[in-house]
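Let's take a friendly walk through a protein chain. Have a look at the picture below, and keep it in view as you read.

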Amino acid sequence: MHKYLILDSSGKPLMRGTMRQALHGGVCRMELEHEEDAEKLVPGELFQLMGIRDGNFAEVRFLRGRGESAEFEMVRMLDAGIRQNLRIPVRFESFLYPISGSWKGRAAIVSRDLSCGGIAFLSEKQLKVGEICEIVIPVTTEPLVLKLKILRAGEAGEDGIPYAAEFQEMVHEEESMVREAVFGLQLELDRVSADTLPTF
């Protein structure tokens with residue numbers, strides 16, 4: 001079975017579904033997670049389908065639905081880079097471990113947001129732009145240890161120094177796990193108030 005996230009035309013995640021075959025041209029039939037999800041789909045309107053495991057990304061037109069079953073017509077494939085930039089506000093505590101740089105031990109961090117391609121976080125540890133570290137990501141189905149590169153550092157505040165970092169050398173399974181976590185967190189975020197970060 002192939003898992004997909006269904007987004008509206010603006011890119012807002014709405015629900016999840018599964019297909020027996022991978023996304024292809026023509027008409028695709030999908031089983032939705034919940035029967036009431038079909039009420040959010042309007043015949044003739046455009047939606048986006050994003051493969052949770054394989055990363056395929058396409059624009060589709062909703063044709064019809066019955067119960068938990070929905071049919072979509074392929075319109076065009078989309079730029080997969082969009083999914084890399086879907087940043088989800090989420091707060092969790094974790095640690096960084098140095099690979100390059102002059103420090104040793106570990107540094108405590110608190111995440112600010114997570115995407116399929118990287119993470120923003122706060123840390124009291126001063127890190128250099130370009131430095132390579134390992135980070136433990138605890139919100140995936142199993143905790144992941146990923147390599148990252150520090151891209152930017154902000155001004156230090158009461159809560160620490162803000163950093164933006166990009167994941168490095170991810171294998172396909174790691175990409176899939178992070179993608180599934182990001183999409184799951186986005187759907188969960190819609191169920192909490194806009195000014196509260198989900199905490200894990």
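## The chain as a whole

Of the contacts in the chain with a separation of 6 or more, what percentage comes from residues 24 or more positions apart? Those residues account for 53% of such contacts. Keep in mind that you are looking at a predicted model.

Try tracing the chain from end to end: it has two helices and 13 strands. Its C-alpha atoms fill a box of roughly 60 × 35 × 25 Å along the principal axes. The chain has 200 residues, and 45% of them count as buried.

## Surface and charges

What does the chain show to the outside? It exposes about 10,800 Å², and carbon and sulfur atoms supply 46% of that area.

The chain carries 24 positive and 32 negative charges. If you take the mean position of each group, the two points are 3 Å apart.

## Aromatic rings

To describe a pair of aromatic rings, we use the distance of the centres and the angle of the planes. The chain has two aromatic pairs. One of them joins F62 and F72: the ring centres are 5.5 Å apart and the planes meet at 55 degrees, so this pair is tilted. An angle over 60 degrees would have counted as edge-to-face.

Where do these two rings sit? F62 belongs to strand β5 (residues 57-66) and F72 to strand β6 (residues 69-77), so the pair ties together parts that are ten residues apart in sequence. Both F62 and F72 are buried.

Another ring to find is that of F95. Here R106 lies over the face of the ring, 3.8 Å from its centre.

## Two residues to look up

Start with L49, which you will find in strand β4 (residues 46-51). Is L49 buried or exposed? L49 is buried, because its relative accessible area is 0%. Setting aside residues up to four places away in sequence, L49 touches Y4, L5, I6, L23, M30, N56, F57, A58 and V60. You can also compare L49 with M74: the two are 25 residues apart in sequence, while their C-alpha atoms are 9.5 Å apart in space.

Now move to E180 in helix α2 (residues 172-189). E180 has a relative accessible area of 19%. Buried means under 20%, so E180 falls in that group. Beyond its neighbours within four places in sequence, E180 is in contact with K3, I52 and R53.

Conventions
Residues are numbered from 1 along each chain as its sequence is written. This is a predicted model: local features need pLDDT of at least 70, side-chain atom pairs count only at pLDDT 80 or more; totals for chains, interfaces and linings use all residues. Side-chain values use heavy atoms; hydrogens and water are left out. Helices (H or I, at least four residues) and strands (E, at least two) are DSSP runs, numbered from the N terminus. Buried means under 20% relative accessible area, exposed over 50%, partly exposed in between (1.4 Å probe, protein chains only). Contact means heavy atoms within 4.5 Å. Accessible areas come from the Shrake-Rupley method with a 1.4 Å probe; for residues, only the protein chains shown count as cover. Lys and Arg count as positive and Asp and Glu as negative; His and the chain ends are not counted. The place of a charge is taken as NZ of Lys, CZ of Arg, CG of Asp or CD of Glu. Rings of Phe, Tyr and Trp (its six-membered ring) pair if their centres lie within 6.5 Å; planes under 30 degrees apart count as stacked, over 60 as edge-to-face and the rest as tilted. A charge sits over a ring if NZ of Lys or CZ of Arg is within 6 Å of the ring centre and within 35 degrees of the ring normal.
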